[in-house]
Amino acid sequence: MKFEWFVASRYLRSRRKQSFISIISIISIGGVALGVATVILVIAVLDGVEHGLKDRFLSNEAHVVLSLIDYGFFRDYQKRIKRIEALDDVVAASPAILTQTGVFRERTDAIQDVIVIKGIDPAQEDKVTGFSTYVDGSTDFLNSELIEKARLIRDETITGGIILGGRLAARLGIIKGDVLRLLIKIAEGPVHGALLPDLANFVVIGFYESEMEYYDNKLGLIHIDSAQKLYGVKERANSIFVRLTDAELAPRIATRIEDVAGFTVLEGMPHARTWMEAQAQLFWALRLEKIATIVIEALIIIVASFNIASTLIMTVMEKTKDVGTLRTLGSSRGNIMRIFMIQGSIIGMIGTILGTALGLSFCWLLSSNTARPAYWYAFVLAVPILLQIFIATQRVLPNKGGWKLAAWILLLVGVGFALYCLVRPISFVDLGLSQIYQMHQMPIKVNWLFVIFINALSLVICWFATLYPAWQAANLKPVEALQHE
Amino acid sequence: MLNTTEALIRIVDLHKSYYDGEAELPVLQGVDLEVNMSELLAVIGASGVGKSTLLHIIGTLDRPTAGRVLYDEQDIFTWHDTELARFRNKEIGFVFQFHHLLPEFTALENVAMGALITTPNDKAVYEEAASLLEYVGLSERFSHYPSQLSGGERQRVAIARALINKPKVVLADEPTGNLDRRSSEAVLELLWDLNSKSGQTFVIVTHNQELAQKVDRVVQLVDGKIS
Ligand SMILES: Nc1ncnc2c1ncn2[C@@H]1O[C@H](COP(=O)(O)OP(=O)(O)OP(=O)(O)O)[C@@H](O)[C@H]1O
Ligand SMILES: [Mg+2]
């Protein structure tokens, strides 16, 4: 191999009257680099989003939620929790009453919004979801100062305190200390036949600010005792929230939780829902996005490798005489083949290394900067990719009218796409992610294993591109090659 | 010079035709020739008669249409391509009318090339290459590229290159065909000196009268046969 390296590296370095080949090698290197850089960056962003989402989601939500399949209330929840907590890998469990209800503003009788009410035991709940870290205000649902104050100055009965999602509160125009009226049930009023809403008054004691759309926009937290009183379900709950030592264990432990909860047939069928089930769609969408990215970038690298192939084909043509000479000196076909394979692989290697460096520095730039990449990102990507495809098609395709036309059409379609990207860049808004996850910064997470994988993939693709030209060189007839002008 | 009568190369009923589609162009039509150890043999003949073709086949660069070439009684064309390349590398040195030096490599590297293919030890190879360049009178030209050398100098580098693996046989195809009188003489001096000192076998295709008179034996190729 030493001999082949010696010759191949000299051919790569030489500058004599082959500036055209050099330009093409630079384009090949650039193409490979671009593909590698893009895939590293995009995957890092998608990984970052996924990781951030998981993080946020898991710190707001339990790993497993146990309920009956008809969401009915059940007794003895503290006993069941004891048994669940005795399981391996379970950190804590807490009871909750989950319902939906309408909210009324003070002194109005129209439903203003429908929200999710979660009745919790604050101390137990904190062990499961750690909700208190996201609360701006008090978590004392029963005796907070604000409640005392409201009880003093108002003539209505105050049931307790409520913590409202921050965005929900903003939408309703509510500040701390205000009274929020929840619809409990529709009851018959004093006048026969007329229906009146049965309302309960809660004092807003804090805001829930998790930066997860679902919670901030929809959730109201109250004390489980208040919830039980409101719905007349003393000592009952309808869900048990469970935290595990490791979120990834959820699918395995879910069925065990169902078993130890000890529901009888009469009580109903239990179902333990994992966080993955709850968010399956979202994570599935992210995974698809990742696969699509890898496929597209692999295609870009393949296109770039066509350039490597055409560079090599031209080098072989230019070096035909040298190949003849080397054969007279006793180089075997294998020697010749390896010389050109090494030459192409070096181009691929330089491109891959540059691309990795470029991709990682983009990652670093984006993670240290709050700028969104939208417009210039699409532009920076689109233009070189197009050039790349165009040059590759020009070199590789036969020099015939039909093919030329196809290349031009490809270029036009590409330019159109680039313009479209400029006007309307592919962004997280389109992915629907910004609805769920309010981003203040590009989430970036570099997966080193993936970086290694994509490097290997790129090298293999480039290596394959060298096979045909190298094989061609190896099969030159020595005498004819020698006499080649 | 003891074994000059022993045949090193035996060519038996060698045929070579070129094909242009269906049309056959017979070039060699039954060449029989023996080349003895340490012999300095000149092959002459009219232009286009097939001298270069014969030399290429002797040098394993091309395969014959029919017939055999035996080195030490071994029929080399029964061998695989890789073995032939190896054999060519070790046992045969070529000098052509045109120098065929590799333009990207210095004189020293060009001379060393044939040995670098198989030898991992560069240092010894470059020392050998340097002494060969000194021998052909180019001790000042080690790091010059072919484009920086005169025609005669290039041809002398090419001769040094042919000798790097101490081949048994040196095949030269009009080695002075492209040189002026003075350069030609220098190259010829070299060849004679080499032949007398090293005992290597030389097969030289030439039109040069002076050369043809000074060799051990001259054979003429006429109508595809040795006459
Ligand atoms: N690759 C080839 N394809 C077809 N014909 C060829 C090929 N190589 C050589 N020939 C033909 O074979 C014949 C012999 O060629 P060759 O080069 O061996 O002649 P030569 O004796 O060396 O001539 P010169 O003294 O001019 O060098 C010529 O007629 C030539 O046209
Ligand atoms: Mg000739």
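This note goes through the contact between two chains, the salt bridges and a surface patch in a predicted model.

1. The place to begin is the contact between the chains, to which chain B contributes 26 residues and chain A likewise contributes 26 residues. The area buried between chain B and chain A comes to about 2,400 Å², and carbon and sulfur atoms account for 62% of that area. On the side of chain B, the residues that lose the most area to chain A are H100(B), E104(B) and I117(B), which together make up 26% of what that side buries.

2. Which charged partner does E104(B) find across the interface? E104(B) forms a salt bridge with K319(A), and the closest N and O atoms of the two residues are 2.4 Å apart. In general, side chains of opposite charge can pair when their charged atoms come close. Across the interface of chain B and chain A there are 4 salt bridges, and the count of residue pairs in polar contact between these chains is 7, with both residues at pLDDT 80 or more.

3. Looking at the side of chain B that touches chain A, the elements that give two or more residues are α2 (81-91), α3 (107-116) and α4 (122-135) of chain B. Of these, α2(B) gives the most, with 5 residues. Sorted by class, this side of chain B has 13 nonpolar, 6 polar and 7 charged residues.

4. Over all chains, the structure holds 20 salt bridges. Within chain A, the side chains of E267(A) and R80(A) meet in a salt bridge, with a distance of 2.7 Å from N to O. This pair links distant parts of the chain, since the two residues are 187 residues apart: E267(A) sits in the loop between α9 (250-261) and β10 (270-274) of chain A, whereas R80(A) belongs to helix α3 (residues 77-85) of chain A.

5. A last point concerns the surface, where W284(A), L288(A), I291(A), V295(A), L299(A), I302(A) and F306(A) form a nonpolar patch whose accessible area is about 670 Å² together. One of these residues, L299(A), lies in helix α11 of chain A, which covers residues 280-318.

Note on methods: Residues are numbered from 1 along each chain as its sequence is written. Chains are lettered from A and ligands numbered from 1 in the order in which they are written. This is a predicted model: local features need pLDDT of at least 70, side-chain atom pairs count only at pLDDT 80 or more; totals for chains, interfaces and linings use all residues. Side-chain values use heavy atoms; hydrogens and water are left out. Patches are made of residues with over 30% relative accessible area and no salt bridge: like charges are joined within 9 Å, nonpolar side chains (Val, Leu, Ile, Met, Phe, Trp, Tyr) within 5 Å. Accessible areas come from the Shrake-Rupley method with a 1.4 Å probe; for residues, only the protein chains shown count as cover. Helices (H or I, at least four residues) and strands (E, at least two) are DSSP runs, numbered from the N terminus. Contact means heavy atoms within 4.5 Å. Buried area is the accessible area (1.4 Å probe) that two parts lose on being put together, summed over both. A polar contact is a pair of N or O atoms within 3.5 Å; within protein, one must be able to donate a hydrogen and the other to accept it, and residues adjacent in sequence count only if both atoms are side-chain atoms. Ala, Val, Leu, Ile, Met, Phe, Trp, Tyr, Cys and Pro count as nonpolar, Asp, Glu, Lys and Arg as charged, and the others, Gly among them, as polar.
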